[in-house]
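Could you open the model in your viewer and keep the selection panel within reach? We will walk through it one stop at a time.

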Amino acid sequence: MADQSGELELEEFDELIEEGRWAAFKEAATRRMSRRLAEDGEVEEPVEPFASPSAFGAWSVDAARALLDLQFHRAATATLLPLAYLLGLAGAVAIPIVGTVGLWRVSAWLGIVFAVVFAVPLALVIAAVVRLLLEFVLNASRLAARVAHISDMADDLFQALSDVAEPVNQLSKDVQAVQFWRFRRRSSRK
């Protein structure tokens, strides 16, 4: 009997191969894995702009491409953050200086008081706000990338479940077609 069940399993496996379900499942799994590997290969960390002169050149080229991407085909958040931060710091220094010079023209005493009392804290507050806003933008960008990754994983899971559902449905129909497993009701004897 063991040989018969072994032969039966081999015959079922051969039928599975002949029907192409195994090939379809294998092909779908290969497609999913190759797509995931290709996506992992495309992900690049942004170049650190101030590590070396060549890194600054590469970052400058990436930043220029990001600024000229009018259709928003690629995310440029991580690439443009250093530029935005530098411009924000320049503004944080320039605004108090302009205020101090403007008040200095009105009165030298007023310009000195503004520079000592208001300009330095104003510059620090503007720099802190710029930093916090840019970190918020960076974290939102990272979160969006993770959500996209989770969505891709859900699509892969749905596809895998769809690939499994068809053979399971066929197996269910085959089991229902087999009637030998049903037991006959025995009449009760009294």
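The tour below starts with the whole chain and then moves from selection to selection.

**The whole chain**

Begin with everything shown as a cartoon, and keep in mind that this is a predicted model. You should find 5 helices and 0 strands, so the order of elements from the N terminus on reads α-α-α-α-α. Now switch to a surface view. The chain exposes about 15,600 Å², and carbon and sulfur atoms supply 65% of that area. Colour by burial next: of the 190 residues in the chain, 13% are buried. If you like contact maps, take those contacts with a separation of 6 or more; residues 24 or more positions apart account for 50% of them.

**Helix α4**

Select residues 77-106, which make up helix α4. Is the distance between its ends in line with its length? At 1.5 Å a residue, the 30 residues of α4 should span 44 Å, and the end C-alpha atoms are 42 Å apart, which agrees. Within this helix, pick out the buried residues: T79, L80, L81, G88, A92, P96 and T100.

Stay on α4 and zoom in on T100. With a relative accessible area of 16%, T100 falls under the 20% cut-off and is therefore buried. Which residues does T100 contact, leaving aside its neighbours within four places in sequence? Show G111, F114, A115 and A119 as sticks, and you have the set.

Another stop in helix α4 is L83. L83 is partly exposed, with a relative accessible area of 28%. Setting aside neighbours within four places in sequence, L83 is in contact with W59 and L67. You can also draw a distance from L83 to P49: these residues are 34 residues apart along the chain, and their C-alpha atoms are separated by 9.5 Å.

**The nonpolar core**

W59 appears again at this stop. Select W59, A63, A66, A76 and L80, the 5 residues of the largest nonpolar core. Helix α3, residues 53-68, gives the most to this core, with 3 residues. L80 has been on screen before, as one of the buried residues of α4. As background, nonpolar side chains tend to be buried together in soluble globular proteins.

**The loop between α3 and α4**

Move to F72, whose place is in the loop between α3 and α4. What is the sign of phi at F72? Its phi is positive, about 55°, although F72 is not a glycine. For context, most residues other than glycine have a negative phi. Turn the surface back on here and you will see that F72 is exposed, with a relative accessible area of 71%.

**Helix α5 and its salt bridge**

Select residues 108-177 to bring up helix α5. How many salt bridges does the structure hold? There is 1, and it links R131 with E135. Add a distance label between the closest N and O atoms of this pair, and it should read 2.7 Å. R131 and E135 both lie in helix α5, 4 residues apart, which is about one turn of the helix. Side chains of opposite charge can pair when their charged atoms come close. Are the two partners buried or exposed? Each falls in between: R131 counts as partly exposed at 40% relative accessibility, and E135 counts as partly exposed at 34%.

Now find L138, also placed in helix α5. Not counting residues up to four places away in sequence, L138 touches T77 and L81. L138 and L81 are 57 residues apart along the chain, yet their C-alpha atoms are separated by 7.9 Å. L81 is another of the buried residues of α4.

**The nonpolar surface patch**

For the last stop, select W104, W109, I112, V113, V116, V117 and F118 and show them as a surface. Together they form a nonpolar patch with about 750 Å² of accessible area. Which helix gives the most to the nonpolar patch? Helix α5 does, with 6 residues. W104, in contrast, is found in helix α4. W104 is partly exposed, with a relative accessible area of 46%.

Definitions and conventions
Residues numbered from 1 in each chain as written. Predicted model: local features only at pLDDT ≥ 70, side-chain atom pairs only at ≥ 80, totals over all residues. Heavy atoms only, no water. Patch = residues over 30% accessible without salt bridge, like charges linked within 9 Å, V, L, I, M, F, W, Y side chains within 5 Å. Areas by Shrake-Rupley, 256 points an atom, 1.4 Å probe, with all protein chains shown as cover. Salt bridge = Lys/Arg side-chain N within 4 Å of Asp/Glu carboxyl O. Helix = DSSP H or I, 4+ residues; strand = E, 2+ residues; numbered from the N terminus. Buried < 20%, exposed > 50% of the residue type's maximum accessible area, 1.4 Å probe, protein only. Core = buried A, V, L, I, M, F, W, Y, C linked by side-chain atoms within 4.5 Å. Expected span 1.5 Å × (residues − 1). Contact = heavy atoms within 4.5 Å.
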